[in-house]
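The exercises below concern a single protein chain. Each one sets a task and then works through a solution step by step.

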Amino acid sequence: MSSHSSAPSFTSSIDGWIIKGFLDDRSAIFKKLSTLGFTRNAIIDRARELGLSDQFIKKCSVGNHDVAMRACLGCNERFLSMGVGNRLCPRCRNRR
Ligand SMILES: [Zn+2]
């Protein structure tokens with residue numbers, strides 16, 4: 001049996017903090033979320049799940065991006081979007 005039942009769950013506002021934190025001050029977001037009961041590994045896993053790869057973060061560091069979770073215009077799934085003009089998730093983009 002796993003003992004994950006006591007772990008807090010990731011809400012959309014926490015996802016937003018993780019996105020901002022990984023693009024800006026990563027240690028600050030680890031500290032902030034650890035007070036809520038999230039472990040460093042859980043935060044890193046969640047960031048990967050959201051699509052915050054090193055490659056993505058590097059891309060975002062160039063230019064002025066407004067990164068947030070947005071609903072895909074193709075399938076309505078929420079995904080990590082680099083700006084208001086980026087409204088197709090990677091899956092739908094590859095399908096074109
Ligand atoms: Zn999609």
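**Exercise 1: A loop residue**

Asn-76 is exposed, because 9 other C-beta atoms lie within 10 Å. By definition, a residue is buried if 20 or more other C-beta atoms lie within 10 Å of its own, exposed if 12 or fewer, and partly exposed in between, with C-beta atoms placed from the backbone. The model is predicted: local features need pLDDT of at least 70, side-chain atom pairs count only at pLDDT 80 or more, and totals for chains, interfaces and linings use all residues. Residues are numbered from 1 along each chain as its sequence is written.

Task: Determine where Asn-76 is found and what sign its phi has.

Solution. Step 1: Asn-76 sits in the loop between E1 and E2. Helices (H or I, at least four residues) and strands (E, at least two) are DSSP runs, numbered from the N terminus. Step 2: The phi of Asn-76 is positive, about 70°, although the residue is not a glycine. Step 3: The hairpin of E1 and E2 has 6 residues between the strands.

**Exercise 2: The strand pair**

Task: State in which sense strand E1 and E2 pair, and over how many bridges.

Solution. Step 1: Two strands pair if DSSP finds at least two bridges between them. Step 2: Strand E1 (residues 68-71) and E2 pair in the antiparallel sense, over 4 bridges. Step 3: Individual partners can then be named: Met-69 has Leu-80 of E2 as its bridge partner, and Ala-68 has Ser-81 of E2.

**Exercise 3: The chain as a whole**

Task: Describe the order of the elements along the chain and the box that its C-alpha atoms fill.

Solution. Step 1: The chain has 5 helices and 2 strands. Step 2: From the N terminus on, these elements run α-α-α-α-β-β-α. Step 3: Along the principal axes, the C-alpha atoms fill a box of roughly 40 × 30 × 20 Å. Step 4: Of the 96 residues in the chain, 16% are buried.

**Exercise 4: Packing of H1**

Task: Characterise how H1 packs with H2 and how H1 crosses H3.

Solution. Step 1: Two packed helices are described by the angle between their axes and the distance between the axes. Axes are lines fitted to C-alpha atoms, for helices over the stretch in contact, and angles run from 0 to 180 degrees between N-to-C directions.

Step 2: H1 and H2 pack at an angle of about 150°, and their axes are 7 Å apart. H1 is therefore roughly antiparallel to H2. Angles under 35 degrees count as roughly parallel, over 145 as roughly antiparallel, 65 to 115 as roughly perpendicular and the rest as oblique. Residues making the contact include Trp-17 and Gly-21 of H1, and Ala-28 and Lys-32 of H2. Two residues are in contact if their C-beta atoms, placed from the backbone, lie within 7 Å.

Step 3: The axes of H1 and H3 come within 10 Å and cross at roughly 90°. H1 is therefore roughly perpendicular to H3. Asp-15, Ile-18, Ile-19 and Phe-22 of H1 meet Ile-43, Arg-46, Ala-47 and Leu-50 of H3 in this contact.

**Exercise 5: The nonpolar core**

Task: Identify which elements each supply at least two residues of the largest nonpolar core.

Solution. Step 1: A nonpolar core is a set of buried Ala, Val, Leu, Ile, Met, Phe, Trp, Tyr and Cys residues joined through C-beta atoms within 7 Å. Step 2: The largest such core has 13 residues, and those with the most contacts inside it include Ile-18, Ile-19, Phe-22 and Leu-80. Step 3: Helix H1 (12-23), helix H2 (26-34), helix H3 (40-50) and strand E2 (78-81) each supply at least two core residues. The largest share, 3 residues, comes from H1. Step 4: Apart from neighbours within four places in sequence, Ile-19 is in contact with Leu-50, Leu-52, Val-67, Ala-68 and Leu-80.

**Exercise 6: Two partly exposed residues**

Task: Locate Phe-56 and Lys-32 in the chain.

Solution. Step 1: Phe-56 lies in helix H4 (residues 54-60) and counts as partly exposed, because 17 C-beta neighbours lie inside 10 Å. Step 2: Lys-32 is found in helix H2 and is partly exposed, because 16 other C-beta atoms lie within 10 Å.
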